[in-house]
Amino acid sequence: MNDIEHHVESESLLCRYPQFSSLIKKQISNIDPVLFRQQKLLCGENTEKIAATISPFNSYEMAQEQSSTLGESLLKKGKLACLLVAGGQGSRLGFKGPKGKFPLTTEKNKSLFQYFAEKVLAASRQVERDLHIAIMTSEQNHEETLEFFQKHKYFGLKKEQIDFFTQKSLPLLNTEKQLFLSAPGQIAMGAAGNGTALYDLTQAGITQRWKNLGIEYVHFIQVDNPLSDPFDAKLLSFHVSKELDISVKCALRKDPEESVGILVEKDNRVAVVEYSEIDERERKLCDGKGQLIHRCANLSQFCFNLDFILKVAGQGLATMPLHIASKTSLSWEKESNEKKIAVWKSEYFIFDVMAYSSKVAALLYSRKDCFAPLKNASGRDSIEEVRNALLQSDRKAYEALSGCSAPSRVFELALDFYYPSPKMAAYWWGRSLPERPYIDAFIDMQL
């Protein structure tokens, strides 16, 4: 009997549910005892908030001053792939199922998955070659995600362009630091966070396959931010011209209470501190002009060298720090069936890989161009806020392409407006937007 089994026995999990003993033992055998002990030690610990070891980070460069020419040439050679993290569920949106299935756009009700798939398709048309994307799911939503893409025939993408892989899971612990059941015979588990993405991508064989295809760089984005550009030529230009391992896409923080990681300088390197792990006074600290001392928000958008990914993944997860957070989860009891309880959830964060390299730099964008996270049904980062951000983004894309003012009415653009071919750009220059709620770039061009 390993340490975990002994622990569970002592907490009477097997004794309480003898009818599930074989199922429970099988799951226990897949739990890493060393990692499990680490989870228990983290639970409820009043760890000292980070403050003394960090200083403000101000060494970013401005995206508006960066050329995209180099990145565009590399995209035409197929040198960049996209890693889309999509392991979450839509429960906070009042939606049952993977968050990527949430119907978001105003006119076509495109899901987040469709929206990103069509971005990949449009970018591929622009460079006249198939660009590649991998989607990281979780054990909770993998099958449903696959079925969704298969049902919709991958939204026009070729099967060879898209890969799916599943992220790791870790056991959830209740407030007594105990394992519990989330369903009959099922030990409660939670996705291990986006920090395992590079490792899991490599374990799935995708990284090496991309390398064999000549891909050299990977853009990491999250499915709940539809303003993310899977093939950002400007960020790629910055990354390659600076000879970096990691490029960080950032924006100015909205306010001290915003739930985003914060870029800082730590040990003479660029780093990110999670908002919940930084001292409150430090998080709110302002200069003499009333501006936040720590200015830059982490958007969870990175460009990685593929060789760097292979190197980091080869080291495994043993040296990655584990983070703990208080959440809620369904708990199953034979007496009361399902109920929500407070739990401890352990996660790895992608930004912690920044500690593996000194070749890291940040590019500051306007947040309206790249960041509108969909988190909540109402209030901050809500459905309404994100839909409005998409409308403003469409207006800007049309105006940049046509040189005309966008109408004030609500409309939705096809994603090709963001990745126009020379022929498309020539056609739309100086042309008014048709009086339709949804504008397909090619209908009017009769292509």
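Is glutamine 161 buried or exposed? Keep that in mind while I walk you through this one, and remember that we're looking at a predicted model.

Okay, so glutamine 161. It's buried, with a relative accessible area of 2%; the cut-off for calling a residue buried is under 20%. You'll find glutamine 161 in the loop between α7 and β5. And what does its side chain contact? There's a polar contact of 3.4 Å between the side chains of glutamine 161 and serine 124. On top of that, a polar atom of the glutamine 161 side chain lies 2.9 Å from the backbone oxygen of leucine 131.

Right, now the strands. Let's go to β4, residues 132-137. Six of its six residues are buried, so β4 is largely enclosed by the rest of the structure. As a bit of background, side chains in a regular strand alternate between the two faces of the sheet. Here, His132, Ala134 and Met136 point one way from β4, while Ile133, Ile135 and Thr137 point the other way, and all are buried.

Who are the neighbours of β4? One is β3, residues 80-85: five bridges join β3 to β4, and they run parallel. If you want a spot to click on, leucine 83 stands opposite alanine 134 in β4. To get from β3 to β4 the chain goes through α6, and that β-α-β crossover is right-handed.

Then there's β5, residues 162-166, also joined to β4 by five bridges and running parallel with it. The pair to click on here is isoleucine 135 and its bridge partner in β5, phenylalanine 164. Helix α7, residues 142-151, sits in the path, and β4, α7 and β5 make a right-handed β-α-β unit.

Last stop, the second largest pocket. Its volume is about 1,200 Å³. How many residues line it? The count is 35, and Asp229, Asp232, Lys234, Tyr418 and Tyr419 lie nearest the centre. Several elements give two or more residues to that lining, namely α5 (69-76), α6 (112-127), α10 (233-241), α13 (367-370) and α14 (383-402). So you've met α6 already, as the helix in the crossover from β3 to β4. The most comes from α14, with five residues.

And the chemistry of that lining? It divides into 20 nonpolar, five polar and ten charged residues.

So, back to the opening question: glutamine 161 is buried, with its side chain in polar contact with that of serine 124. Okay, that's me done, over to you.

How values were computed:
Residues numbered from 1 in each chain as written. Predicted model: local features only at pLDDT ≥ 70, side-chain atom pairs only at ≥ 80, totals over all residues. Heavy atoms only, no water. 1 Å grid on protein atoms, 1.4 Å probe; cavity = no way out; pocket = protein on both sides within 12 Å on 5 of 7 lines; lining within 4 Å. Points joined across faces, edges and corners; volume = space filled by probe spheres on them. Helix = DSSP H or I, 4+ residues; strand = E, 2+ residues; numbered from the N terminus. Nonpolar A, V, L, I, M, F, W, Y, C, P; charged D, E, K, R; others polar. Buried < 20%, exposed > 50% of the residue type's maximum accessible area, 1.4 Å probe, protein only. Pairing = 2+ DSSP bridges. Right-handed = clockwise from strand over helix to strand, strands pointing away. Polar contact = N/O pair within 3.5 Å; in protein donor to acceptor, adjacent residues only side chain to side chain.
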